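Please open the model in your viewer and keep the selection panel at hand. The stops below go from one selection to the next, and each says what is to be found there.

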Amino acid sequence: MDDLLREFLTETHESIAQLDVELVRLEQNPNDPALIGSIFRLVHTVKGTCGFLGLPRLEKVAHAGENILGKFCDGQLKVTPQAVTLILRSIDAIKYLLSVLEETEAEASGDDQELINDLDAMAEGRDVGGAESVETVDSPVMAEASAPVQEHVAPVGEADAFGFVPVRAEDTGLNVKEAKMPEQPPQSVSVPAPVEAKKEAEPASGEGGIKESSVSSQTIRVSVDQLENLMVIASELVLTRNQLNQISRTQKDNPFATSLQRLSHVTSELQEGVMKTRMQPIGNAWSKLPRIIRDLSLELGKKIDLQMLGAETELDRQVLELIKDPLTHMVRNSADHGIENPSDRLMAGKPETGVVLLNAFHEGGHIIIEISDDGRGLSMNRIKSKIIQNGLASESDVATMGDQQIMQYIFKPGFSTAAQITAVSGRGVGMDVVKTNIEKIGGTVDLQSTEGKGSRFLIKIPLTLAIVSALIVECAGERFAIPQISVVELVHASAHSEYRVERINDTPVLRLRNRLLPLVSLRRALKLNEGKKDEDMSFIVVVQVGSSSFGIIVDRVFDTEEIVVKPVSPILRNITMFSGNTILGDGSVVMILDPNGVAAHAGEIHTTADSTLRHHSSSAHGRVSAKQSLLLFHAGGDAPKAVSLSLVARLEEIDLASVEYSDNKPVVQYRGKLMPLVPLDESFQLGKEGTQPILVFSDHERSMGLIVDEIIDIIEDQVEVNVAAHHPGCLGSAIIAGKATDIIDTGHYLAQAYQDWFGAQQDSSFGSEQLHRVLLVDDSPFFRNLLTPLLMVAGYTVTTAENPAQALKLREEGEEFDVIVSDIEMPGMNGFDFAAAVRKDGGKWGELPFIALSSHATPRDIEQGRRAGFTDYVAKFNREALLSTLQQTLSTVRVNS
Amino acid sequence: MSENNLPVKSNKSLPAAGDNASGREFVTMYIEGQLFGIPVLQVQDVLEPLKITRVPLSPREVAGSLNLRGRIVTAIDVRTRLGLPPREENVKCMSVVVESGGEFYSLIVDQVGEVMTLAAAEFEKTPATLDDRWREISDGVYRLQESLLIVIDVKRLLRLEELTAA
């Protein structure tokens, strides 16, 4: 079943179960506005979601029910038993439709016109007596006498005028079905009341009207926070167990040994169990790939067969989120660079259809993801020439490198060997980011490639981020943990053994299997007791960070231990040497060394000149969300310029001879279209010969080339603009990589290109440097989940809040947004009050555009909304309207400001 | 009073809120003979310092990290924070655990005193002539009969980065 649908069913079943209860309560307290509000919200949500999922029949029924409830809310209609019965009937109809939906994954055929007519009649205040079926339930007293439909309600209806009819909702459900579904075979209608008793035992009975939902009873929803909390507790238990084990090991004939062993087993099982609750099949991260490959093969005229194995392999949801993008990128790469054209393949003696294979499996506490293709493989010569061309290494260096070493260069920033840059890849801003992302979660990427045969990437990632295996070492009397995954080997060095630490200008190195291994003195790197030199007798932990390996000199090496990584306190977060801290089995706190950080430090020692690559590794941890990738470049003036990497489609070098002029503006033929070239500096004159680097910005059909002098680097950093813009085209200045850097406003240059060539820019999906930040407030998790990806795809950064209180808390925390999108019907504070609160307190959010989501938009509501401070009103289930409204609203704000 | 006879175990053991009719309640402590106070409600725990793990490359004021019942807590040496000379080795000290921004911190002080209830009438603003470091962390002064009590503003005490860019 479709995930979306399943989630919808689970959520709706929950709502409906609640509705049954609340409606009965409503009948008893007809004047409780909070209750009416809550019922209204529930029905409203059901209706909204139906609209989104394209379930017209369900939506109609819900809509008709909602109308009545709306009138209850306004006090236009009195809550009478008849009205409640009618609503209950509509709820039953909804239940029936849901059960069909669950079984067949399609909406039941037929319509509910009669019911809807009754509901509408009630809503309009007309006497519903005309409608037969209503009359039958009109008065409970009459129930007995009423028509065949009421057969099994009758004895109940007798009992009590108020309490009972609703309780027997299931029966009423049957009636509805009977009355409305003449096309249904009779046996499905005549389910006798006793079935009720055994409905759980008979899930397969197929009698949707009264069957408990199988979807909703199999799963319960638990908040991620709660799971995280459970995980933390389980981790603590593991630690305590480890402590006990350690104590126990030191004692002989321990009477606790047996119990301890049992405790140990149970703890492991518990930990595993808790970890499983956070597991999701990796297939979730793959679901989009077949489509991407399909589109790609059409676009590129290739035949590609994407095979996916092991989609059910599970891994921690946190890890899953983080590898989603890298995986997509690599599969794209394989399809684009790897697989050849059908004709080339035939010539090479391969089948016309290329295969991209995605395979995931478990291996010793890790997940291995393999991405392979049977395409052309990596061209060593091309990589070599590119290395030399980009000045990454000298010709003589390259000559001495092994294939494996050369291949590693494709993970360097700004490196692409695609001879032809396509829409898909070859923008040279990919593999390095992939690698960084994977390393961020403690994973590694390995690459094998045979020219002409294909290439194979192996990604190895830990199952979970919470517990890692670490090597405990000692330096200057302090203990540290080094994540096992980066440790390659341990070497014991002493003056008399085979391995001896040698020094070049006081920098330690080690001869290891005929190679010189750079060493980092941990003592020196951590500024521990610097006066003392590393002893001759020391241990060297050889670690691998990316493609380079180096040794860390430590005094002693202890055991490996399973540790729970805990984030360091905010005060210490800017120390890049540590990725976290943990409590060891003996209860003491140790810091976890981040090999990336140590490498960055080492890089500063050894290759000070090589600053371009440094930022990359040094920024490999910390809060991922707050950082963004930036492309640094030179273009006119001394100060480096930067632009958010997410906006750059490709980096290109154009041949100046191919530049043509149209209306005195430079253009270049690019992928079958004319692409305007815009200089950063207006006075800039293009040369006639040679090549010129440009940044290509693409938006749907249009592309624009921004002419720059030189591309410097890609870095990931937190950017705070400290100096506001001083001229158009510049958003401001920030300190990036230690230098004052102008952040350019892409929107300005796009406008330049578009005004001249494309007219006014309609589509502002990347109209400004930063993605627009949307705050989405909705109490329904379903809607939040539905809208968030929708908005993200449309180019917004989305933050969600469950309710206005949470949203207002974000405001207190100083969060900033460009627009608020909020539901109206929410428990506690509703959308109107929320808007009023936002407007009243003024402050940062006081002027924010506020878009209300509702499917209950009467002119009166709209008026009330405007007074409360809504900028606009959007029907909740209309995706297009929401997107266009967002765009309009934001562009208005942009113009105004 | 003896240091082992701890006045406060945790704020939970104090049913009454920190403020009552007669004034605010403070956990008092001494550093270099000077009396300081932290509002009772901000104090989680008072204990003798456990084993502290040094954190290399950290700001000077950070004494290290310690394990407080499974939580890793950063220890701040208040002496260093106030620009006082470091404590001599083997001199006893105490740790006052406070919460700030969801994180726990252990403030290392010389000695912990009793809990005092102080009347608002005795409160004064921080004298403007105080040393910058002291003035920064001070939330005001109470005039006691025999001495003066400086109220510590925990949040500002923990703002280290402005002083020492690590």
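Begin by displaying polar contacts across the interface of chain B and chain A, where three residue pairs, both members at pLDDT 80 or more, are found in this predicted model. The side of chain B that touches chain A can then be coloured by element: strand 5 (62–68), strand 6 (71–77) and strand 8 (103–109) of chain B are the elements that give two or more residues to it. Coloured by residue class instead, that side of chain B divides into 12 nonpolar, six polar and four charged residues.

Next, select Glu478(A) together with Arg54(B), which form a salt bridge whose closest N and O atoms are 2.9 Å apart. The rule finds one salt bridge across the interface of chain B and chain A.

Now widen the selection to the whole contact, which takes 22 residues from chain B and 27 residues from chain A. Which residues of chain B lose the most area to chain A? They are Pro56(B), Leu57(B) and Ile72(B), and together they account for 32% of what that side buries. The area buried between the two chains comes to about 1,900 Å², with carbon and sulfur atoms giving 65% of it.

Staying with chain B, show the open sheet of five strands, which follow one another in the order 4-7-8-6-5 with mixed pairing. At its edges are strand 4 (43–47) and strand 5 of chain B, each of which pairs on one side only. If you look along the sheet, neighbouring strands are turned by 30 degrees against each other on average, direction ignored. Within it, select strand 7 (residues 94–100) and strand 8 of chain B, which run antiparallel and are joined by seven bridges. To see one of these pairings in detail, pick Val96(B), whose bridge partner in strand 8 is Leu107(B).

Move on to chain A and display its open sheet of six strands, ordered 10-14-15-13-12-11, in which the pairing is again mixed. The edges are taken by strand 10 (487–493) and strand 11 (501–504) of chain A, and because each has a single partner strand, one side of each is left without a neighbour in the sheet. Here the average turn between neighbouring strands, direction ignored, is 35 degrees. Strand 13 (residues 515–521) and strand 15 (residues 548–554) of chain A deserve a selection of their own, since they pair in the parallel sense over three bridges. Ser521(A) has Ile553(A) in strand 15 of chain A as its bridge partner.

Then go to the hairpin of strand 22 (residues 659–662) and strand 23 (residues 665–670) of chain A, which run antiparallel and are joined by four bridges. The bridge partner of Ser662(A) in strand 23 is Lys665(A). Two residues lie between the strands of this hairpin, where Asp663(A) takes a positive phi near 55 degrees.

For the last stop, select Glu340(A) and Lys350(A), whose side chains meet in a salt bridge at 2.8 Å, N to O. Glu340(A) lies in the loop between helix 17 (317–338) and helix 18 (342–347) of chain A, while Lys350(A) lies in the loop between helix 18 and strand 4 (354–363) of chain A, so the pair ties together parts that are 10 residues apart in sequence. Over all chains, the count by this rule comes to 24 salt bridges.

Terms used: Residues numbered from 1 in each chain as written. Chains lettered and ligands numbered in written order. Predicted model: local features only at pLDDT ≥ 70, side-chain atom pairs only at ≥ 80, totals over all residues. Heavy atoms only, no water. Contact = heavy atoms within 4.5 Å. Buried area = accessible area lost by both parts, 1.4 Å probe. Salt bridge = Lys/Arg side-chain N within 4 Å of Asp/Glu carboxyl O. Polar contact = N/O pair within 3.5 Å; in protein donor to acceptor, adjacent residues only side chain to side chain. Nonpolar A, V, L, I, M, F, W, Y, C, P; charged D, E, K, R; others polar. Pairing = 2+ DSSP bridges. Axes fitted to C-alpha atoms, helices over the stretch in contact; angles between N-to-C directions.
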